[in-house]
Amino acid sequence: MSDDKIEATRAESRYGQILRSTSLIGASQIINIAMSVVRLKVLAVLLGPAGVGLFGLYNVITDLTVSLVGFGVQSSGVRQVAVAVSTGDVEKIARIAKVLRLTSLILGLLGAGVLLAFAAPISALSFGTEARASGVMLLGAAVLFRIFAGAPTAIIQGNRRVGDLARMTVVGAVLNTVVAIPLVYFLGEAGVVPSLLAVALTSWLAAQFYCRKIALPAVRLDFSAFTHETRLLLNLGFAFMASALLTTGSAFVIRILIVQQLGVDAAGNYQAAWALGGIYVGVILQAMGTDFYPHLSAVSHDHAASNQMVNEQSRISILLAGPGLLATLALSPLVMTVFYSHQFTEAVPILRWFCLGMLLRVVAWPMGFVIVAKGRQQMFFWTELAAAVVQVGLAWALLSYAGLAGAGIAFVGLYVWHGGVIYLLVRRLTGFRFSRENLVLIGMYVGLTCLVLLAVELLPVWPGTLVALVATALASWFSLGQLVRLVPVHWVPSGLRPVVYFLLRHQPLAADPR
């Protein structure tokens, strides 16, 4: 076999691995999202936009507290466990796992204490009244279980048990829905906070169940060993904490700006658009964080290998994300009505802008992992801080000018700026450049998305929808053709091969490396 054929086979294997992990994690995330949509649909029908807005604010308070007090321990724990697994030292794995559990418990209790102590001012800041302080206090229990659930989740992910991680997600999602819906149904608005607590509790139970399948020896920890390992976890977790804190913090500030300028109903519409805009892309980004980041960390010292991995991950991610975002954009009024209700029509314009922003996000994310994988914590922190300032600043300026859609335009502006900055930084770190194929791919999908956005915004409903659907169909055909060319032929089910050959104009599929 020639060198070119060997390299082609290796590339097919790498692309295949990316698609395998994406499909496995993606399938579990789709079920998780479906369950989330069911919960939100019930919330929307029973409580309307105000109830969804209330849910969004309580959820952001929880996210913000978890980000602040959790200190990125789950993400740093994944890396620590993965490194220990690579050495084959079972006692070291067990020691890190025990430290991770104890640290998460301590931080979870601290987070619950913070909400108990500051419930009144948090309620006044978030809702303009201290009347919801009791609800904020109850969120402390949700924070405890969410942070504590991070330990078993990190242990599973660090051991690269992707199958168990997927099953855990599915079981947790089903339990979340079965428990949360009756609370909202019977308690109404008073059931919003208990439903968030139920989601956190059932997620922890699912993670704990699957983590117990990993057999680890019992180990003893003295105080000095515990503090040493905890210090490593916290040091590594700072960059992750800063990123999560800035992201949830900016989301919190934007929602407050919307409530202050446009009211709680507008915050509900924003929450609905944000949730739908991130559904499809969230599947891809979740898979990227689960599998791509550990692989990239392992080769972070090799610039050529890192750059190749980023280009390969970018190519697959764009091919997968592009058609789904175009379809969401094309059918945004229908999607909003189906997933929520006709009361959320004002969320449609912002959803369209979110679709464009999410595409730019998919382009930027693989490059961003390079900074974290190389341990450049200060660079990562300052880029995340600047991104938060840019998004909040743009939202503040555009809300008064463009109404609720201004928040969506701000999201697009954020990733135009952030993507450019990240590209320049990664190019400086590793000499990264997008491949010619990826530049064409990015240009094509950004151009198509802008075209569809203009069509549905400026043309009458049916002509605009027709243009959008034709563009979506062409993009889907193109992405399918590209994806099947990137993987070995045995990956395509035999029953589908005639269809694939027809779509590809009878051109041969990738060679079978077996």
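Helices here are DSSP runs of H or I with at least four residues, numbered from the N terminus. The model on screen is predicted.

**Stop 1: α15 and Ala 455**

Select Ala 455, which lies in helix α15. Its relative accessibility is 6%, so Ala 455 counts as buried, the cut-off being under 20%. Beyond the neighbours within four places in sequence, Ala 455 is in contact with Gly 464 and Val 467. For a sense of scale, add Phe 292: the two residues are 163 apart in sequence, and their C-alpha atoms are 35 Å apart in space.

**Stop 2: α12 against α15**

Now show residues 348-373, helix α12, together with residues 436-458, helix α15. Two packed helices are described by the angle between their axes and the distance between the axes. For this pair the axes come within 11 Å and cross at roughly 175°. An angle over 145 degrees counts as roughly antiparallel, so α12 is roughly antiparallel to α15.

Which residues of α12 and α15 meet? Show these side chains:

- From α12: Pro 349, Arg 352, Trp 353, Leu 356, Leu 359, Leu 360 and Val 363.
- From α15: Ile 442, Tyr 445, Val 446, Thr 449, Cys 450, Leu 453, Val 456 and Glu 457.

Coloured by class, this contact has 12 nonpolar residues, one polar residue and two charged residues.

**Stop 3: Val 362 and Ser 317**

Stay on α12 and pick Val 362, which is found in that helix. Is Val 362 buried or exposed? Val 362 counts as buried, because its relative accessibility is 0%. Leaving aside neighbours within four places in sequence, Val 362 is in contact with Val 281, Ser 317, Ile 318 and Ala 321. Measure across to Ile 284 as well: the C-alpha atoms of Val 362 and Ile 284 are separated by 8.3 Å, although the residues are 78 apart along the chain.

Move from Val 362 to Ser 317, placed in helix α10, residues 303-330. Ser 317 is buried too, with a relative accessible area of 1%. Residues up to four places away in sequence not counted, Ser 317 touches Ile 284, Met 288 and Val 362.

**Stop 4: the core**

Next, select Tyr 58, Ile 258 and Met 336, the residues with the most contacts inside the largest nonpolar core. That core has 133 residues, and α12 gives the most to it, with 18 residues.

Keep Met 336 selected. Apart from neighbours within four places in sequence, Met 336 is in contact with Ala 272, Ala 273, Leu 276, Ser 341, Phe 344, Ala 347, Val 348 and Leu 351.

**Stop 5: α13**

Go to residues 377-402, helix α13, which has 26 residues. From first C-alpha to last, α13 reaches 36 Å, close to the 38 Å expected at 1.5 Å a residue. The buried residues of α13 are Met 379, Phe 380, Thr 383, Glu 384, Ala 387, Ala 388, Gln 391, Val 392, Ala 395 and Leu 399. What covers them includes α8 (223-262), α12 and α14 (405-430). Just after α13, Gly 403 takes a positive phi of about 70°.

**Stop 6: Phe 71**

Last, select Phe 71, in the loop between α1 (3-70) and α2 (73-87). Most residues other than glycine have a negative phi. The phi of Phe 71 is positive, near 55°. Phe 71 is partly exposed, with a relative accessible area of 27%.

Methods:
Residues are numbered from 1 along each chain as its sequence is written. This is a predicted model: local features need pLDDT of at least 70, side-chain atom pairs count only at pLDDT 80 or more; totals for chains, interfaces and linings use all residues. Side-chain values use heavy atoms; hydrogens and water are left out. Axes are lines fitted to C-alpha atoms, for helices over the stretch in contact, and angles run from 0 to 180 degrees between N-to-C directions. Helices (H or I, at least four residues) and strands (E, at least two) are DSSP runs, numbered from the N terminus. Angles under 35 degrees count as roughly parallel, over 145 as roughly antiparallel, 65 to 115 as roughly perpendicular and the rest as oblique. Contact means heavy atoms within 4.5 Å. Ala, Val, Leu, Ile, Met, Phe, Trp, Tyr, Cys and Pro count as nonpolar, Asp, Glu, Lys and Arg as charged, and the others, Gly among them, as polar. The expected span of a helix is 1.5 Å times one less than its number of residues. Buried means under 20% relative accessible area, exposed over 50%, partly exposed in between (1.4 Å probe, protein chains only). A nonpolar core is a set of buried Ala, Val, Leu, Ile, Met, Phe, Trp, Tyr and Cys residues joined through side-chain atoms within 4.5 Å.
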